[in-house]
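Q: Please take a close look at one part of this protein. Describe the nonpolar patch on the surface and the helix that goes with this topic.

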Amino acid sequence: MTSELTPQEAARGALRAGLPLGDGRQEEVAMTANYIHSVISTLRELDFGETPPASSYRAGQGNADATV
């Protein structure tokens, strides 16, 4: 597991990407990035077993008699 992104690291990363952050935005960006990282980490832990990738799904080719 990686450590959380600090506001200073967020500011440096944004500056390297050509997106300088305005005053007071570093903390908000770091908090948002840390939240996104936690969500992605949770998704990576899911076991999809034998579920085929989405690219193999073909719309309209299945059981169309489901009740809504």
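A: Tyr35, Ile36, Val39, Ile40, Leu43, Leu46 and Phe48 form a nonpolar patch on the surface. Together they have about 680 Å² of accessible area. Such a patch takes residues with over 30% relative accessible area and no salt bridge, and joins nonpolar side chains (Val, Leu, Ile, Met, Phe, Trp, Tyr) within 5 Å. Areas come from the Shrake-Rupley method with a 1.4 Å probe, and for residues only the protein chains shown count as cover.

The model is predicted: local features need pLDDT of at least 70, side-chain atom pairs count only at pLDDT 80 or more, and totals for chains, interfaces and linings use all residues. Residues are numbered from 1 along each chain as its sequence is written, and side-chain values use heavy atoms, leaving out hydrogens and water.

Tyrosine 35 sits in helix H2, residues 25-44. Helices are DSSP runs (H or I, at least four residues), numbered from the N terminus. Tyrosine 35 is exposed, at 57% relative accessible area. Asparagine 34 is also in helix H2, but it is buried, at 17%. Buried means under 20%, exposed over 50%, partly exposed in between (1.4 Å probe, protein chains only). Beyond its neighbours within four places in sequence, asparagine 34 is in contact (heavy atoms within 4.5 Å) with Glu4 and Leu5.

Helix H2 also holds arginine 25 and glutamate 28, three residues apart, so about one helical turn separates them. They form a salt bridge, with the closest N and O atoms 3.6 Å apart. That term means a side-chain nitrogen of Lys or Arg within 4 Å of a carboxyl oxygen of Asp or Glu. Arginine 25 is partly exposed, at 43%. Glutamate 28 is partly exposed too, at 45%.

Note on methods: Patch = residues over 30% accessible without salt bridge, like charges linked within 9 Å, V, L, I, M, F, W, Y side chains within 5 Å. Helix = DSSP H or I, 4+ residues; strand = E, 2+ residues; numbered from the N terminus.
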